[in-house]
Amino acid sequence: MAKKKTISLEGAVKTDAGLNYKGVIMETIVEKCEGCDRVVAFEGDNYCTTYAKPELKWVRGVCNFATHFRAEVDKAGKVKVNPLKASKRAARGR
Ligand code: SF4
């Protein structure tokens with residue numbers, strides 16, 4: 001099955017618990033998500049189209065689906081985080 005490229009949150013309803021999108025409660029993105037291509041705005045707040053709880057994706061390091069960061073493991077086995085250059089991101093989008 002082909003995946004939809006653009007996800008819109010049409011039909012989502014804001015609740016006290018978060019944004020209810022087709023029965024899934026979505027939480028707003030965290031600071032580290034800013035700049036990621038998977039962020040979508042809905043009624044003034046930003047949500048991640050990949051994860052309902054973006055905060056959890058950053059608890060143990062870098063979100064593995066982030067489009068603006070990537071984690072690299074160096075020779076010592078340490079995880080390094082490199083912000084991707086905008087030019088690289090643009091090239092990838094081609
Ligand atoms: S994919 Fe990861 S970094 Fe991007 S918005 Fe979602 S949780 Fe944040």
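A disulfide is a pair of cysteine sulfur atoms within 2.5 Å.

**View 1. A cysteine check across the whole model.** This is a predicted model, where local features need pLDDT of at least 70, side-chain atom pairs count only at pLDDT 80 or more, and totals for chains, interfaces and linings use all residues. Residues are numbered from 1 along each chain as its sequence is written, and side-chain values use heavy atoms, with hydrogens and water left out. Searching the whole structure turns up zero disulfides.

**View 2. The chain and its elements.** Here you can follow two helices and seven strands, which are DSSP runs (helices: H or I, at least four residues; strands: E, at least two) numbered from the N terminus. Their order from the N terminus is β-β-β-β-β-α-β-β-α. Of the 94 residues, 23% count as buried, that is, under 20% relative accessible area with a 1.4 Å probe and protein chains only.

**View 3. Around the ligand.** Have a look at the residues surrounding the ligand (one heavy atom within 4 Å of it): among them are C33, C36, C48, C63, W58 and H68. By class, this shell holds nine nonpolar residues, one polar and one charged. Two of its cysteines can be picked out: C33 counts as buried because its relative accessibility is 7%, and C63 is buried too, with a relative accessible area of 11%.

**View 4. T67 in its loop.** T67 sits in the loop between α1 (54-57) and β6 (69-73). With 10% relative accessibility, T67 counts as buried. Its side chain reaches the backbone nitrogen of D37 at 2.6 Å, a polar contact (N or O atoms within 3.5 Å, one able to donate a hydrogen and the other to accept it; residues adjacent in sequence count only if both atoms are side-chain atoms).

Conventions. Nonpolar A, V, L, I, M, F, W, Y, C, P; charged D, E, K, R; others polar. Buried < 20%, exposed > 50% of the residue type's maximum accessible area, 1.4 Å probe, protein only.
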